[in-house]
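Reader: I have some questions about how the terms are applied here. Could you take them one by one?

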Amino acid sequence: MRLYTAKDYNDLSRKAANLLSAQIIMKPWCVLGLATGSTPIGTYDQLVEWYRKGDLDFSEVTTVNLDEYKGLPADNDQSYHYFMHKHLFDRVNIKEGNTYLPDGMEEDPEKECSRYARLINRLGGVDMQLLGLGHNGHIGFNEPDEAFEKEVHCVDLQERTIEANKRFFASADDVPKQAYTMGIKTIMQARKIVVIVSGEEKAEIVKKAFWGPVTPKIPASILQMHNDVTLVADEAALSLIG
Ligand code: F6R
């Protein structure tokens, strides 16, 4: 694992954007695996800035996202489709037809999971996967478990997650109860992985995930077994690493 220590969130965003842009420059037709959440927003802003300066071209890039809520249409402002358009796709010259996320409106999990897994294979796999890290060590929607979930699958969201998301919806009943996500095997098949982590409240889990034993109880710990992982974390997130 390579470790890039960033001074703060802005520095982290620049370092992560540098890695993604290097990938795009070296292979303009690359497949990027993308994440949502609060951590990548600065990275996407930085990529947009470089695109506007004329330093980056997304015209041949393809993206596949990690996950999407089941039951939310793309135009719902809580959907990951909406997030990706707002923070990246609508701000650069990527072709709409080259951006992929699981289809939250497909009711049949088996059908949607195998469609998305086949799609990733058809694209030739992911060249560089960007990941955030959940407080409990989750990556994508792969929550702590007794075993590592393998391929694209449908997850029941934990009560805690539903509770935490309630504030974004009219009522708890409107919060999606399930999501589609790439599995651990899908993520591990990416040729390169970049994990971004910011803030002191992630310090404990960063230590466990990257300096502790590999266990499905901390899904991100499996990343220690990947041969091309770069952890980009700010000093606050690394404060417990000696
Ligand atoms: C997002 C995703 C999640 C987040 C994780 C960290 O697509 O799959 O695993 O990366 O929950 O979220 P933030 O960045 O908001 O701390």
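Author: The answers below set each value against its definition.

This is a predicted model; local features need pLDDT of at least 70, side-chain atom pairs count only at pLDDT 80 or more, and totals for chains, interfaces and linings use all residues. Residues are numbered from 1 along each chain as its sequence is written, and side-chain values use heavy atoms, with hydrogens and water left out.

Reader: What makes the protein as compact as a globular protein of its length?

Author: Its radius of gyration, taken over C-alpha atoms, is 17 Å. The globule rule (2.2 Å times the number of residues to the power 0.38) gives 18 Å for 242 residues. The two are close, so the protein is as compact as a globular protein of that length.

Reader: Which residues come nearest to the ligand?

Author: S38, T39, D67, H138 and K202, of the 14 residues around it (a heavy atom within 4 Å).

Reader: Why is the approach of T39 called a polar contact?

Author: The term means a pair of N or O atoms within 3.5 Å. A polar side-chain atom of T39 lies 2.4 Å from a ligand oxygen atom, so the pair qualifies. D67 has such an atom 2.6 Å from a ligand oxygen. For an N or O atom in the H138 side chain, the distance to a ligand oxygen is 2.7 Å.

Definitions and conventions: A polar contact is a pair of N or O atoms within 3.5 Å; within protein, one must be able to donate a hydrogen and the other to accept it, and residues adjacent in sequence count only if both atoms are side-chain atoms.
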